[in-house]
Structure formats: C-alpha cells, structure tokens
Amino acid sequence: MTHAHDREDARLGEGDDPVLDAVAVLRCRGYTVEPDDDCARWRIDGADWITLSDLFARALRLGLRDGPGRAQ
C-alpha cells in the first residue's frame, strides 16, 4: 500500500482528503477530471457533470480506491 506522502508526485494535503485522493488516482490512470466552480459536480473526460457521490462510485467501480486515503 502506498500513501500519498510516500509518493514522489504527492502534493501537500493529498491523502488527507478522500476527494483529492480519488481525483489524483483517476488522473494517474489517464482520466481528465475537472470540478465545477463549487466542486459540487465533477466531469470525467468531458462527459456530463456528475455529483461527488457519483465520482466516488465511479472510482469504486473501477477498483481504483480501497477506502478513504488508500489508493491502489
């Protein structure tokens, strides 16, 4: 298991916030992830806007997350 603070590309605070962790993992896998102005909705690869819950569900379905703060 690799924590954000163990990775060379980790930014300050990454791994402390499950949203940032999920976004970082998706981006590392080649997805383009962008928030709206309020970070209430998210867009993956330019598709329709989705909610934060949907963002987490997408990451879970893809097997990219293993609980808060733990990325595979």
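In this predicted model, the buried residues of helix α1 pack against three elements: β1, β2 and α2, the last covering 52–61. That makes α1 a handy place to start. The buried set in α1 consists of V19, D21, A22, V23, A24, V25 and L26. As a reminder, residues three or four places apart in an α-helix point the same way, because the helix has 3.6 residues a turn.

**The overall layout**

Stepping back, the chain has two helices and three strands, and from the N terminus on they come in the order α-β-β-β-α. There are 72 residues, and 28% of them count as buried. The accessible surface adds up to about 4,900 Å², with 47% of that belonging to carbon and sulfur atoms. If you like contact order, take the contacts between residues at least 6 apart in sequence: 30% of these join residues at least 24 apart.

**Helix α1 up close**

At the N-terminal end of α1, D17 acts as the cap, with a side-chain oxygen 2.8 Å from the backbone nitrogen of V19. V19 itself, once neighbours within four places in sequence are set aside, is in contact with W42, L52 and F56. Further along, V25 also sits in α1. Why does V25 count as buried? Its relative accessibility is 7%, and the cut-off for buried is under 20%. V25 also gives a good long-range pair: A59 is 34 residues away from V25 in sequence, yet their C-alpha atoms are 8.5 Å apart in space. Just past the helix, G30 takes a positive phi of about 100°.

**The sheet**

The three strands form an open sheet in the order β1-β2-β3, and the pairing is antiparallel. β1 and β3 (50–51) are the edge strands; each has a single partner, so one side of each has no neighbour in the sheet. Helix α1, residues 18–28, packs on this sheet and touches β1 and β2, its direction making about 145° with that of β1. Between β1 and β2, which run antiparallel, there are three bridges. P35 has W42 in β2 as its bridge partner.

**The core**

Which residues make up the largest nonpolar core? There are eight: V19, V23, L26, V33, W42, I44, I50 and L55. Two elements, α1 and β2, give two or more residues to this core, and α1 gives the most, with three. W42 thus turns up in several roles: as a core member, as the bridge partner of P35 and as a contact of V19.

**D36, an acidic residue in a loop**

D36 is placed in the loop between β1 (33–35) and β2 (41–44). Is D36 buried or exposed? It counts as buried because its relative accessibility is 15%, where the cut-off is under 20%. The side chain of D36 reaches the backbone nitrogen of D38 at 3.1 Å. Beyond residues up to four places away in sequence, D36 touches R41 and W49.

Here are the two side-chain-to-backbone distances side by side:

| Side chain | Backbone nitrogen | Distance |
|---|---|---|
| D17 | V19 | 2.8 Å |
| D36 | D38 | 3.1 Å |

So what should you look at in the viewer? Try α1 with its buried residues against β1, β2 and α2, then the loop that holds D36.

Key: Residues numbered from 1 in each chain as written. Predicted model: local features only at pLDDT ≥ 70, side-chain atom pairs only at ≥ 80, totals over all residues. Heavy atoms only, no water. Helix = DSSP H or I, 4+ residues; strand = E, 2+ residues; numbered from the N terminus. Buried < 20%, exposed > 50% of the residue type's maximum accessible area, 1.4 Å probe, protein only. Polar contact = N/O pair within 3.5 Å; in protein donor to acceptor, adjacent residues only side chain to side chain. Contact = heavy atoms within 4.5 Å. Pairing = 2+ DSSP bridges. Axes fitted to C-alpha atoms, helices over the stretch in contact; angles between N-to-C directions. Core = buried A, V, L, I, M, F, W, Y, C linked by side-chain atoms within 4.5 Å. Areas by Shrake-Rupley, 256 points an atom, 1.4 Å probe, with all protein chains shown as cover.
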